[in-house]
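Trainee: I should be grateful for a close look at one part of this model, together with what surrounds it. Please explain each term as it arises.

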Amino acid sequence: MSNPEKPLPADVQHLPTWLPSAHADTLMDALLARVPWDVHRIRMFGRWLDSPRLSCWMGDADAHYRYSGADFLPHPWTPAVLAVREQLQQAVDGRFNSVLLNRYRDGRDSMGWHSDDEPELGATPLIASLSLGASRRFLLRRRDDPAQKAEYLLGHGDLLLMRGQCQRDYQHALPKTARVCDERINLTFRQIVAVPHRAGR
Ligand SMILES: O=C(O)CCC(=O)C(=O)O
(Lines give C-alpha, C1' and ligand atoms only; values in the text may rest on other atoms or scores of the structure.)
Protein backbone atom coordinates (compact mmCIF):
# COMPACT_ATOMS: atom_id res chain seq x y z
CA MET A 1 0.00 0.00 0.00
CA SER A 2 1.36 3.43 -0.82
CA ASN A 3 2.20 5.82 1.98
CA PRO A 4 1.21 9.44 1.18
CA GLU A 5 4.17 10.74 3.20
CA LYS A 6 6.55 8.75 0.98
CA PRO A 7 4.98 9.02 -2.46
CA LEU A 8 6.19 6.96 -5.39
CA PRO A 9 8.44 8.92 -7.72
CA ALA A 10 6.88 11.97 -9.32
CA ASP A 11 10.32 12.71 -10.76
CA VAL A 12 10.15 9.70 -13.09
CA GLN A 13 8.48 9.81 -16.48
CA HIS A 14 8.01 6.79 -18.77
CA LEU A 15 7.51 7.55 -22.47
CA PRO A 16 6.70 4.27 -24.27
CA THR A 17 7.91 3.99 -27.89
CA TRP A 18 9.58 7.40 -27.75
CA LEU A 19 11.68 6.14 -30.65
CA PRO A 20 9.53 4.57 -33.40
CA SER A 21 10.21 0.88 -33.93
CA ALA A 22 12.03 1.17 -37.28
CA HIS A 23 14.35 3.88 -35.91
CA ALA A 24 14.97 1.82 -32.75
CA ASP A 25 15.86 -1.23 -34.93
CA THR A 26 18.39 0.81 -36.94
CA LEU A 27 19.94 2.29 -33.79
CA MET A 28 20.23 -1.11 -32.12
CA ASP A 29 21.97 -2.59 -35.19
CA ALA A 30 24.40 0.36 -35.27
CA LEU A 31 25.21 -0.05 -31.55
CA LEU A 32 25.77 -3.79 -31.84
CA ALA A 33 28.15 -3.19 -34.76
CA ARG A 34 30.03 -0.05 -33.69
CA VAL A 35 30.23 0.32 -29.91
CA PRO A 36 33.46 -0.95 -28.27
CA TRP A 37 31.74 -3.18 -25.70
CA ASP A 38 33.71 -4.17 -22.65
CA VAL A 39 33.20 -5.93 -19.31
CA HIS A 40 33.61 -3.23 -16.67
CA ARG A 41 35.39 -4.26 -13.47
CA ILE A 42 33.56 -2.96 -10.41
CA ARG A 43 34.34 -3.04 -6.71
CA MET A 44 31.67 -4.67 -4.54
CA PHE A 45 31.86 -5.95 -0.97
CA GLY A 46 35.62 -5.20 -0.98
CA ARG A 47 36.34 -7.31 -4.09
CA TRP A 48 36.87 -6.56 -7.79
CA LEU A 49 34.30 -8.33 -9.94
CA ASP A 50 33.24 -8.44 -13.60
CA SER A 51 29.95 -6.57 -13.97
CA PRO A 52 27.17 -8.88 -15.21
CA ARG A 53 26.65 -7.18 -18.61
CA LEU A 54 28.69 -5.47 -21.34
CA SER A 55 29.19 -1.70 -21.07
CA CYS A 56 30.74 1.33 -22.71
CA TRP A 57 31.27 4.81 -21.28
CA MET A 58 31.06 7.33 -24.14
CA GLY A 59 31.13 11.11 -24.31
CA ASP A 60 33.05 14.36 -24.61
CA ALA A 61 36.79 14.00 -23.97
CA ASP A 62 36.61 15.64 -20.52
CA ALA A 63 33.60 13.64 -19.28
CA HIS A 64 35.52 11.47 -16.80
CA TYR A 65 33.35 9.33 -14.59
CA ARG A 66 33.95 7.34 -11.45
CA TYR A 67 31.48 4.69 -10.31
CA SER A 68 31.57 1.42 -8.39
CA GLY A 69 35.16 2.21 -7.36
CA ALA A 70 36.54 2.53 -10.89
CA ASP A 71 37.53 5.45 -13.17
CA PHE A 72 36.25 5.61 -16.72
CA LEU A 73 37.64 7.72 -19.58
CA PRO A 74 35.11 8.24 -22.34
CA HIS A 75 35.17 6.53 -25.71
CA PRO A 76 34.50 9.05 -28.51
CA TRP A 77 30.90 9.42 -29.66
CA THR A 78 29.82 7.18 -32.53
CA PRO A 79 27.66 8.89 -35.20
CA ALA A 80 24.51 6.97 -34.21
CA VAL A 81 24.82 7.85 -30.50
CA LEU A 82 25.60 11.48 -31.30
CA ALA A 83 22.47 11.68 -33.49
CA VAL A 84 20.19 10.28 -30.80
CA ARG A 85 21.78 12.63 -28.22
CA GLU A 86 20.82 15.61 -30.44
CA GLN A 87 17.27 14.32 -30.73
CA LEU A 88 17.04 13.84 -26.95
CA GLN A 89 18.49 17.24 -26.10
CA GLN A 90 15.83 18.90 -28.21
CA ALA A 91 13.02 16.73 -26.86
CA VAL A 92 13.77 17.11 -23.15
CA ASP A 93 15.41 20.53 -23.16
CA GLY A 94 18.52 19.20 -21.37
CA ARG A 95 22.24 18.83 -22.06
CA PHE A 96 24.11 15.52 -22.08
CA ASN A 97 27.89 15.29 -22.46
CA SER A 98 28.10 11.54 -21.84
CA VAL A 99 26.26 8.26 -21.89
CA LEU A 100 26.65 4.89 -20.19
CA LEU A 101 25.66 2.11 -22.57
CA ASN A 102 24.77 -1.26 -21.10
CA ARG A 103 24.22 -4.41 -23.15
CA TYR A 104 22.30 -7.26 -21.51
CA ARG A 105 23.05 -10.37 -23.59
CA ASP A 106 20.02 -12.19 -22.17
CA GLY A 107 18.01 -12.39 -18.94
CA ARG A 108 21.07 -13.56 -16.98
CA ASP A 109 22.66 -10.12 -17.39
CA SER A 110 21.47 -7.56 -14.87
CA MET A 111 22.10 -4.39 -12.87
CA GLY A 112 22.03 -4.39 -9.05
CA TRP A 113 20.43 -1.82 -6.76
CA HIS A 114 22.15 1.56 -6.93
CA SER A 115 21.54 5.29 -7.42
CA ASP A 116 23.21 7.46 -10.03
CA ASP A 117 24.35 9.82 -7.30
CA GLU A 118 28.05 10.31 -8.01
CA PRO A 119 29.23 13.90 -7.35
CA GLU A 120 30.06 14.32 -11.06
CA LEU A 121 26.32 14.26 -11.84
CA GLY A 122 25.39 17.18 -9.59
CA ALA A 123 22.69 17.27 -6.90
CA THR A 124 19.58 16.92 -9.07
CA PRO A 125 20.67 15.19 -12.29
CA LEU A 126 18.47 14.72 -15.33
CA ILE A 127 19.08 11.20 -16.61
CA ALA A 128 17.54 10.12 -19.90
CA SER A 129 17.40 6.35 -20.23
CA LEU A 130 16.64 4.89 -23.67
CA SER A 131 15.91 1.17 -24.02
CA LEU A 132 16.26 -1.01 -27.12
CA GLY A 133 15.60 -4.70 -27.74
CA ALA A 134 14.05 -7.10 -25.24
CA SER A 135 11.57 -5.67 -22.71
CA ARG A 136 12.90 -5.84 -19.15
CA ARG A 137 11.54 -4.91 -15.71
CA PHE A 138 13.08 -1.77 -14.20
CA LEU A 139 12.54 -1.41 -10.45
CA LEU A 140 12.71 1.60 -8.14
CA ARG A 141 12.65 1.54 -4.35
CA ARG A 142 12.83 4.28 -1.74
CA ARG A 143 16.19 4.43 0.00
CA ASP A 144 14.60 5.16 3.38
CA ASP A 145 11.85 2.55 3.00
CA PRO A 146 12.75 -0.20 0.50
CA ALA A 147 9.26 -1.71 0.76
CA GLN A 148 8.01 1.32 -1.22
CA LYS A 149 8.60 0.16 -4.80
CA ALA A 150 7.65 1.08 -8.34
CA GLU A 151 8.09 -1.01 -11.46
CA TYR A 152 8.27 -0.12 -15.18
CA LEU A 153 8.41 -2.49 -18.13
CA LEU A 154 10.91 -0.89 -20.50
CA GLY A 155 10.45 -1.92 -24.13
CA HIS A 156 12.03 -1.24 -27.52
CA GLY A 157 12.32 2.53 -28.04
CA ASP A 158 11.01 3.49 -24.57
CA LEU A 159 12.43 6.54 -22.81
CA LEU A 160 12.55 6.87 -19.02
CA LEU A 161 13.40 10.28 -17.56
CA MET A 162 14.67 10.56 -13.99
CA ARG A 163 15.12 14.03 -12.55
CA GLY A 164 14.98 16.18 -9.42
CA GLN A 165 15.43 14.22 -6.18
CA CYS A 166 15.01 10.81 -7.80
CA GLN A 167 18.64 9.70 -7.26
CA ARG A 168 18.73 11.09 -3.72
CA ASP A 169 15.51 9.34 -2.68
CA TYR A 170 15.47 6.15 -4.78
CA GLN A 171 17.61 3.24 -5.89
CA HIS A 172 16.98 1.40 -9.14
CA ALA A 173 17.79 -2.05 -10.51
CA LEU A 174 17.30 -4.30 -13.51
CA PRO A 175 16.79 -7.82 -12.11
CA LYS A 176 17.78 -11.08 -13.72
CA THR A 177 15.00 -13.07 -15.37
CA ALA A 178 14.76 -16.58 -16.79
CA ARG A 179 11.98 -15.44 -19.14
CA VAL A 180 14.09 -13.23 -21.43
CA CYS A 181 16.51 -14.76 -23.94
CA ASP A 182 16.96 -11.79 -26.25
CA GLU A 183 19.42 -8.93 -26.06
CA ARG A 184 18.69 -5.50 -24.67
CA ILE A 185 20.69 -2.28 -24.85
CA ASN A 186 20.14 0.66 -22.53
CA LEU A 187 21.67 4.11 -22.89
CA THR A 188 21.62 6.46 -19.91
CA PHE A 189 22.52 9.96 -21.05
CA ARG A 190 24.05 12.14 -18.34
CA GLN A 191 25.69 15.53 -17.84
CA ILE A 192 29.04 15.32 -16.04
CA VAL A 193 29.89 18.52 -14.18
CA ALA A 194 33.30 19.48 -12.80
CA VAL A 195 34.11 18.17 -9.33
CA PRO A 196 36.71 20.53 -7.80
CA HIS A 197 38.61 17.94 -5.71
CA ARG A 198 38.85 15.66 -8.73
CA ALA A 199 40.16 18.34 -11.12
CA GLY A 200 43.25 17.31 -13.10
CA ARG A 201 42.65 13.55 -12.94
O1 LIG B 1 19.44 -0.86 -18.03
C2 LIG B 1 18.75 -0.09 -17.38
O3 LIG B 1 17.59 0.19 -17.69
C4 LIG B 1 19.32 0.53 -16.13
C5 LIG B 1 20.67 1.14 -16.33
C6 LIG B 1 21.16 1.78 -15.07
O7 LIG B 1 20.67 1.54 -14.01
C8 LIG B 1 22.25 2.75 -15.12
O9 LIG B 1 22.85 2.96 -16.19
O10 LIG B 1 22.56 3.33 -14.06
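Mentor: Two residues are in contact when heavy atoms lie within 4.5 Å. Helices (H or I, at least four residues) and strands (E, at least two) are DSSP runs, numbered from the N terminus. The model is predicted, so local features need pLDDT of at least 70 and side-chain atom pairs count only at pLDDT 80 or more, while totals for chains, interfaces and linings use all residues. Residues are numbered from 1 along each chain as its sequence is written, and side-chain values use heavy atoms, with hydrogens and water left out.

Let us take helix α2 as our part and begin with its length. Helix α2 comprises the 14 residues 79–92. At 1.5 Å a residue these should span 20 Å, and the end C-alpha atoms are indeed 20 Å apart, so the two values agree; the expected span is 1.5 Å times one less than the number of residues.

Next, consider which side of the helix faces the protein. Val81, Val84, Arg85, Leu88, Gln89 and Val92 are the buried residues of α2. Buried means under 20% relative accessible area, exposed over 50%, and partly exposed in between (1.4 Å probe, protein chains only). Viewed down the axis of α2, the buried residues fall within an arc of 145 degrees, so they line one face of the helix. The arc is taken over the directions from the helix axis to the C-beta atoms. The face turned away from this buried side carries the exposed residues Pro79 and Gln90.

What covers the buried residues of α2? The cover includes helix α1 (21–34) and the strands β4 (54–59), β7 (98–104), β9 (127–133), β12 (159–162) and β14 (184–190).

Helix α1 deserves a parallel description, since it is part of that cover. The 14 residues of α1 should span 20 Å at 1.5 Å a residue, and its end C-alpha atoms are 20 Å apart, which agrees. Ala24, Leu27, Met28 and Leu31 are the buried residues of α1. Seen down the axis of α1, they fall within an arc of 100 degrees and so line one face of the helix. On the other side, Ala22, Thr26, Asp29, Ala33 and Arg34 are exposed. The cover over the buried residues of α1 includes α2, β7, β9 and β14. Thus α2 helps to cover α1, and α1 helps to cover α2.

We now follow the chain beyond the end of α2. Asp93 comes just after the helix and lies in the loop between α2 and β7. At 72% relative accessibility, Asp93 counts as exposed. Its phi is positive, about 55 degrees, although Asp93 is not a glycine. Most residues other than glycine have a negative phi.

Further along the same loop region, a partner from another part of the chain appears. Gln191 is found in the segment after β14, and at 29% relative accessibility it counts as partly exposed. The C-alpha atoms of Gln191 and Phe96 are separated by 4.5 Å, although the two residues are 95 places apart along the chain. Leaving aside neighbours within four places in sequence, Gln191 is in contact with Arg95, Phe96, Asn97, Ser98, Glu120 and Leu121. A polar atom of the Gln191 side chain lies 3.3 Å from the backbone nitrogen of Phe96. The side chain of Gln191 also reaches the backbone nitrogen of Asn97, at 3.0 Å.

On the far side of β7, Asp109 lies in the loop between β7 and β8 (111–114). Asp109 counts as buried, at 8% relative accessibility. A polar contact of 2.7 Å joins the side chains of Asp109 and Arg105. A polar contact is a pair of N or O atoms within 3.5 Å; within protein, one must be able to donate a hydrogen and the other to accept it, and residues adjacent in sequence count only if both atoms are side-chain atoms. Not counting residues up to four places away in sequence, Asp109 touches Pro52, Arg53, Arg103, Tyr104 and Arg136.

In summary, the buried residues of α2 line one face, and strand β7 is among the elements that cover them.
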